[in-house]
Amino acid sequence: MAVDLPLSTLALGAVLILALGLALRPRRARFAAPLPPAPKTSIPLIGHTLMMSGVRWAWVSFYEIWKSMGEEACRSGIMYMRLGNGPNADTIIVNTCKATQDLLEKKSGLYSDRPRMIVPQEYISNNRRMVLTRYNDRWRQLRKFLHTQLHDKLASTYEPVQDLEAKALALSFLEDPEHFADHIQLFSSNVILQIAYARRARDVNDKAIRMMIYSIENWSLEALPGARLVADFPILDYLPAFISPWKKNAIRLHKLELELFNTLTGGVRRKMAAGELPECLMRHLLENQKSYGFDDELVQYTAGTLFEAGSDTTTSLTTSLVLAATNNNEFWKKAKEEVDRVVGPDRMPTFADSDDLPYIVAIGKELQRWRPAVPAAVPHALTEDDEYMGFHLPKGSTVICNTWAIGRDKVVFPDGETFRPERYLGEEGKKIASALNKGHTGFGFARRICPGLHVAERSLLIVIATLAWGFELGPKANEPRPDVFNFSEGFVSRANPFRAEITLAMLVALV
Ligand code: HEM
């Protein structure tokens, strides 16, 4: 039943709620140490929110703001901003390899929570989307389960799927090079669909793929700072749904994604009922649901959200590979030389070649540094007060480890804008490894590090090696080179559509 309230009543209600929210706002205790350096433009109540409102690439803005504060302010590697007025409005932005190691890695027990996300987690995901789950028992349960399914040794059993999909990708590049971005999306999606549901999509217009992308776009926009007033004033959550359009929309999105997850699970159930034994994570979940203590929705979300976690990210990095090659052909020539030498023209690369392909591995790392798929990372939150280099970091702060900035830390990556995989080899490679665990922070941090990284690294390796084996990648003749900064907004960012010249490699064509 729709209820029309006069505007003046609504306005008065909103003012009262805001006033109450402000009055009840927890006051921060006074600490001897000051907060970390912050931009000067802070406004009472909302701090630096306006500086970030409407920016397209938050990670680039954070980085530029930090650099503009001067050498002295940048010394600690961290910056403070107050974004909004919610419970996690204190925000610490981490910008350097050293600060990442000192805080996120060495004190991981303090830095593994997530900020409270009312719309994307509590409403759209009904608190079951692992990547947004707080640092609690449910998260530990999920993490333990995923480890059993995605650890390094088990990940090697998915290699035949990745191998087959890489070959299918090569065929599509050959037949229809203009739509290379779609082929890459299909490759990444099919790897995860098979691991999670023993299902393969025929093309990129498959309903499950389109719906997944729609769902990711929606919840990740809702997770951006400033997306909804309720994130800053949680008290607005008490307003009834009929005057809270965001609530209605979030509930609609929850139903939609649950419907999609149910459909995918239905396929697995049908196969099981027919006596087949589909090799996939969902079958394992259904068979062991009771022993894991997962309710039905948690089962659906655990498998369903793997698709979003693993598919768009791999797509983003592989698309960046093509973008990098349209801009700098030298690295691609070296990649091809390595694959030609190790594999030769008579067969395609396999996982057995991986130890002999250090340059291909280095390209995977350089992609994660140069154009990270999750450039502003997934926010962490601080569970206790902390102190770093004389600065006070308040309990409850949102901690944004700006992967974009960390990959441009001049101490470790002096020529950060250049795509140069050789930095990961030899002495320079050793120096980078001693500064950062994996040489990049594309997979995130410490206890929250991506549990799918063993699968993801394998996907990247086989896809880069296969493309280097079979294809010349470069810019279109007589066209300007694509803009290497033209990327999408949102949590997972990828190159906006661009054109590339993709042709069969000479050596393979001659065979
Ligand atoms: C190149 C591909 C990938 C990239 C760049 C990537 C990146 C990330 C990042 C940055 C995080 C957040 C880490 C943090 O908060 O510190 C994350 C979390 C996660 N990723 Fe990945 N990921 C990739 C592939 C995958 C795959 C293939 C899977 C599963 C098969 C997966 C499953 C997850 C899950 C479940 C989480 C949530 C972990 C948690 O909150 O504890 N990811 N990933």
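**Exercise 1.** Determine which polar contacts surround the ligand, beginning with the side chain of Arg114.

*Solution.* Step 1: a polar side-chain atom of Arg114 lies 2.8 Å from an oxygen atom of the ligand; a polar contact here is a pair of N or O atoms within 3.5 Å. The model is predicted, so local features need pLDDT of at least 70 and side-chain atom pairs count only at pLDDT 80 or more, while totals for chains, interfaces and linings use all residues. Residues are numbered from 1 along each chain as its sequence is written, and side-chain values use heavy atoms, with hydrogens and water left out.

Step 2: for Arg143, a polar side-chain atom lies 2.9 Å from an oxygen atom of the ligand.

Step 3: Phe445 takes part through its backbone, where a polar atom is 2.9 Å from an oxygen atom of the ligand.

**Exercise 2.** Identify the helix that gives the most residues to the shell around the ligand.

*Solution.* Step 1: the ligand has 27 residues around it (a heavy atom within 4 Å). Those that come nearest are Arg114, Trp139, Arg143, His380 and Cys450.

Step 2: helices H7 (137-150) and H15 (296-327) each supply at least two residues of this shell; helices (H or I, at least four residues) and strands (E, at least two) are DSSP runs, numbered from the N terminus.

Step 3: H15 gives the most, with six residues.

**Exercise 3.** Locate His380 in relation to the sheet.

*Solution.* Step 1: the open sheet has four strands in the order S1-S2-S6-S3, with mixed pairing; two strands pair if DSSP finds at least two bridges between them.

Step 2: the edge strands are S1 (78-82) and S3 (380-381).

Step 3: S3 runs antiparallel to S6 (residues 398-401), joined by two bridges. His380 stands opposite Val399 in S6.

Key:
A polar contact is a pair of N or O atoms within 3.5 Å; within protein, one must be able to donate a hydrogen and the other to accept it, and residues adjacent in sequence count only if both atoms are side-chain atoms.
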